[in-house]
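Q: Please take a close look at one helix in this model. I would like to know which way its residues face and what they pack against.

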Amino acid sequence: VHCELSNLDLDGQVQGNLTVQPGRAPVIDIQGRLNRGNGTAVWRYLPRQVGDDAYLWVKRGILGGTSPETTLTLRGSLDRYPFDKGGGLLQIAIRMQDGVLDYATNWPRITGINGWLTFRNNTMTLDAEHGQILGARLETVKVVIPDLYYSPDTMLTVTGQASGPTAAFLDFIRQSPVNEYMGRFTDEMKATGPGRLHLQLVMPLSEIDRTRVAGRFVPQDDSIALNDQLPGLTNVTGALNFTDAGVKGEGLGARLFGQPIAISLASAKGGRVHASATGSLTAATLARWLPDALDRRISGGTRAQADIVLRPRSVDLKLNSNLAGLAIDL
């Protein structure tokens with residue numbers, strides 16, 4: 001068998017063998033190679049046995065991209081086709097360039113995808129070497145549908161990591177369901193500096209609302225302002241871990257008014273986030289909040305703890321200190 005293929009979606013050729021013997025199912029062994037492909041047409045060439053949820057996801061999810069190289073392998077007894085239970089191999093490997101992936105409703109799209117989209121028997125895998133999401137550079141992104149055919153609850157898994165401006169990650173949070181998981185406490189945050197994001201999504205394609213999320217964001221010596229009512233933090237380090245159940249800080253530290261502080265942070269019921277910061281306050285720092293009669297008469301420094309409750313568009317702040325270490329010149 002040798003044939004040329006050409007239409008609006010693709011150009012290429014296929015060659016191989018078809019063996020027919022009396023009393024036996026035909027056996028096929030062909031190889032194909034395409035030198036032009038259209039990413040938005042992939043769904044048209046899926047086996048008819050692909051389940052509805054997976055088929056619709058491929059149709060709706062792959063919104064752009066081209067392929068300069070696609071390979072096809074079809075090998076085995078045709079009574080076992082599409083080989084989802086063994087007995088042969090059906091593999092389509094597509095080299096994607098500038099792909100666009102809308103992996104789920106209400107989540108920011110991934111653009112500029114370069115990598116491989118592979119269909120191997122009953123599994124679909126997208127291995128992206130890089131891409132972009134809202135200005136952050138994605139690295140080693142993997143998208144998997146483990147069972148295209150028979151799963152009653154077809155699952156899609158997205159894993160990956162990204163690096164870029166922390167401001168871009170704040171935009172990602174605001175434009176995705178992660179914002180609700182984190183109590184919307186990032187709505188008024190502003191940041192400068194870089195960061196890294198590790199993210200895993202497990203999505204039932206029939207019920208995207210049941211998506212499970214696990215992520216970790218690591219600022220890299222950033223400057224962050226929680227809102228306009230609180231003083232900004234500099235040299236922020238540590239990590240924010242979040243899931244669809246909430247958010248929690250890990251080893252967070254920063255500098256406030258030039259002094260080092262330790263920060264703890266965790267979400268609570270009712271969309272609230274509780275945070276506390278412990279560190280030193282100098283007399284010069286305290287003076288800005290004191291009456292003029294006092295601000296020139298204090299000296300030294302003291303330890304203090306700030307307890308903060310963040311709600312959407314509101315903040316409660318309570319500052320505690322025993323004032324040990326301060327002196328007042330009366």
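A: What follows starts with the helix and then turns to two strand residues.

This is a predicted model. Helix α1 covers residues 52-61. Its buried residues are A54, W57, V58 and G61. Around the axis they cover an arc of only 95°, so they sit on the same side of α1. An α-helix has 3.6 residues a turn, so residues three or four places apart point the same way. The other side of α1 holds D52 and R60, which are exposed. Buried here means under 20% relative accessible area, and exposed means over 50%.

Next, the packing partners. The buried residues of α1 pack against five strands by name: β4 (62-77), β5 (88-101), β7 (123-133), β8 (136-145) and β9 (155-165).

Now for the strand residues. L18 belongs to strand β2, residues 10-19. With a relative accessible area of 47%, L18 is partly exposed. L18 is also part of a nonpolar surface patch with V1, V20, L78 and Y81. Together the patch residues have about 450 Å² of accessible area.

N241 lies in strand β14, residues 233-243. N241 is partly exposed, at 24% relative accessibility. The side chains of N241 and E250 are joined by a polar contact of 2.8 Å. Neighbours within four places in sequence aside, N241 is in contact with G215, R216, G246, V247, K248 and E250. H198 is 43 residues from N241 along the chain, and their C-alpha atoms are 9.4 Å apart.

Terms used. Residues are numbered from 1 along each chain as its sequence is written. This is a predicted model: local features need pLDDT of at least 70, side-chain atom pairs count only at pLDDT 80 or more; totals for chains, interfaces and linings use all residues. Side-chain values use heavy atoms; hydrogens and water are left out. Patches are made of residues with over 30% relative accessible area and no salt bridge: like charges are joined within 9 Å, nonpolar side chains (Val, Leu, Ile, Met, Phe, Trp, Tyr) within 5 Å. Accessible areas come from the Shrake-Rupley method with a 1.4 Å probe; for residues, only the protein chains shown count as cover. A salt bridge is a side-chain nitrogen of Lys or Arg within 4 Å of a carboxyl oxygen of Asp or Glu. Helices (H or I, at least four residues) and strands (E, at least two) are DSSP runs, numbered from the N terminus. Buried means under 20% relative accessible area, exposed over 50%, partly exposed in between (1.4 Å probe, protein chains only). The arc is that of the directions from the helix axis to the C-beta atoms. Contact means heavy atoms within 4.5 Å. A polar contact is a pair of N or O atoms within 3.5 Å; within protein, one must be able to donate a hydrogen and the other to accept it, and residues adjacent in sequence count only if both atoms are side-chain atoms.
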